[in-house]
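Student: Got a minute to go through this one with me? I'd like to start with the ligand site.
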Amino acid sequence: MDLTFTADELAFRDEVRTFLRERLPQDIATRVKNGLPVRAEDYTRWQQILHKQGWAAPSWPKQFGGTGWGPVQLHIYDEEASAAGAPRTIPFGLKMVAPVIMAFGNPAQQQRFLPRILSGEDWWCQGYSEPGAGSDLASLKTRAERQGDHYIVNGQKTWNTLGQHANWIFCLVRSDPNAPKQQQGISFLLIDMKTPGITVRPIITMDGAHEVNEVWFENVKVPVENRIGEENKGWTYAKFLLGHERTNIAGVGASKRELGRLKDIAAKEHKNGKPLSEDPLFAARIAQVEVDLMALEITNLRALSAEAEKRAPGPEASVLKIKGTEIQQTLTELMMYAVGPYALPFHRESSEEGDLKSVAGPGYAAPLAATYCNARKVTIYGGSNEIQRNIISQMILGL
Ligand SMILES: Cc1cc2nc3c(=O)[nH]c(=O)nc-3n(C[C@H](O)[C@H](O)[C@H](O)COP(=O)(O)OP(=O)(O)OC[C@H]3O[C@@H](n4cnc5c(N)ncnc54)[C@H](O)[C@@H]3O)c2cc1C
């Protein structure tokens with residue numbers, strides 16, 4: 001594998017760097033680079049800037065308004081955007097439901113929904129999990145009863161990320177409770193969050209953030225035209241989406257940026273009168289995570305090449321999910337170790353305001369505990385890492 005960039009690729013990298021230097025708002029970049037919370041309006045502002053540039057959906061095909069970039073360009077873009085402090089794009093619209101709409105939606109759905117995802121007008125959220133249906137997703141109970149040209153939806157979704165900002169939700173619902181297999185009675189619906197009967201209730205996580213929600217459906221009327229594909233075939237579309245969710249989770253560019261932050265912190269902190277980065281044990285831990293990240297990067301490039309050849313991400317996406325999330329957690333853990341007790345004081349409000357002040361210790365220590373706590377989620381969502389190991393053992397190793 002030739003890992004050096006061609007002259008064209010280097011020119012593309014320069015173009016990306018110039019764009020980011022000129023157009024990425026510095027207040028947003030400062031938040032991202034310091035691990036401070038990014039606000040909903042920041043995500044939308046950045047999405048609109050990208051849309052103006054024609055870069056709102058790097059991985060979409062050109063016919064739907066994407067860039068048509070190849071795998072190397074996608075890789076360069078991700079790396080440069082992450083390094084510059086661009087926020088991640090919210091994946092639920094761009095990277096999850098959009099590929100499903102492109103592959104299985106009808107032309108009317110494609111024309112209605114895709115442009116509004118690109119422009120950031122619509123904010124999508126994901127309604128898969130329920131209390132009692134997480135890993136065992138096919139046992140979901142939210143019921144959709146067909147009444148003429150509508151479904152009437154009743155039930156509850158949970159762990160819904162950022163649904164408080166969303167105006168659309170894609171949902172898995174049980175449309176045939178009598179199907180011989182659980183997977184056969186599920187449909188995939190697109191639901192307007194403003195429909196009467198929907199209630200969003202916050203779940204506050206241990207870092208003090210309002211990031212996840214419960215979503216309740218009480219006699220919610222959903223037009224049949226909002227169903228993707230065939231009735232009771234939703235499981236096929238759901239699995240297709242999960243493959244996209246897992247490649248997206250690898251987060252190579254962001255982890256590279258965080259590795260840089262870890263090295264900066266380790267150079268500033270001291271142990272026995274020397275920078276922590278010179279401590280052999282700590283340096284070895286940094287080296288280990290860096291090696292793991294390099295291996296992940298190459299594996300991710302292989303997955304991107306497969307996608308470029310129009311192959312949907314397969315079970316290998318599970319490898320990316322496991323390694324990507326373990327690396328993300330290790331990085332937050334090492335940053336906590338580096339500052340020791342100074343990571344403990346925590347003031348959520350000042351973090352929200354973009355403030356790097358700490359009541360004790362250096363400013364960069366202030367958000368580290370919250371980030372560490374928040375990162376516990378990454379080995380759970382998108383299908384827990386234990387479930388990914390099951391997939392690898394069955395689908396790749398044939399055990
Ligand atoms: C922060 C966060 C955000 C999320 N966002 C969303 C969202 O936006 N939309 C959405 O639909 N869902 C979302 N989820 C839900 C997520 O997908 C589920 O939490 C996940 O699939 C696990 O399901 P569960 O929580 O019900 O745990 P369970 O399925 O009850 O699992 C509990 C434990 O048992 C293990 N386990 C279960 N079955 C097996 C098995 N067969 N073999 C080995 N181990 C097993 C699991 O790995 C886990 O450790 C989110 C979750 C979190 C934490």
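Student: Which strand and which helix each supply at least two residues of the shell around the ligand?
Tutor: Strand 3 (150–161) and helix 13 (385–396). Keep in mind that this is a predicted model.

Student: OK. How many residues surround the ligand, and which are the closest?
Tutor: There are 18 around the ligand, and the closest are S135, W159, T161, S384 and E386.

Student: How does that shell divide into nonpolar, polar and charged?
Tutor: You get 7 nonpolar, 9 polar and 2 charged residues.

Student: Let's talk polar atoms. What is a ligand nitrogen 2.6 Å from?
Tutor: An N or O atom in the side chain of T161. E386 also puts a side-chain N or O atom 2.6 Å from the ligand, but there the ligand atom is an oxygen.

Student: And where does the backbone come in, at Q126?
Tutor: A polar backbone atom of Q126 sits 2.9 Å from a nitrogen atom of the ligand.

Student: What percentage of the ligand's accessible area does the protein cover?
Tutor: It's 65% of the 970 Å² that the ligand has on its own.

Student: Switching topics: which residues have the most contacts inside the largest nonpolar core?
Tutor: W60, V153, F170, F188, L190 and I191, in a core of 56 residues.

Student: Which helix gives the largest share of this core?
Tutor: Helix 5 (residues 91–104), with 8 residues.

Student: What about the other core, which residues are in there?
Tutor: That one lies apart from the largest core and has 26 residues, including L276, L320, L334 and A369.

Conventions: Residues numbered from 1 in each chain as written. Predicted model: local features only at pLDDT ≥ 70, side-chain atom pairs only at ≥ 80, totals over all residues. Heavy atoms only, no water. Core = buried A, V, L, I, M, F, W, Y, C linked by side-chain atoms within 4.5 Å. Buried < 20%, exposed > 50% of the residue type's maximum accessible area, 1.4 Å probe, protein only. Helix = DSSP H or I, 4+ residues; strand = E, 2+ residues; numbered from the N terminus. Near = heavy atom within 4 Å. Polar contact = N/O pair within 3.5 Å; in protein donor to acceptor, adjacent residues only side chain to side chain. Areas by Shrake-Rupley, 256 points an atom, 1.4 Å probe, with all protein chains shown as cover. Nonpolar A, V, L, I, M, F, W, Y, C, P; charged D, E, K, R; others polar.
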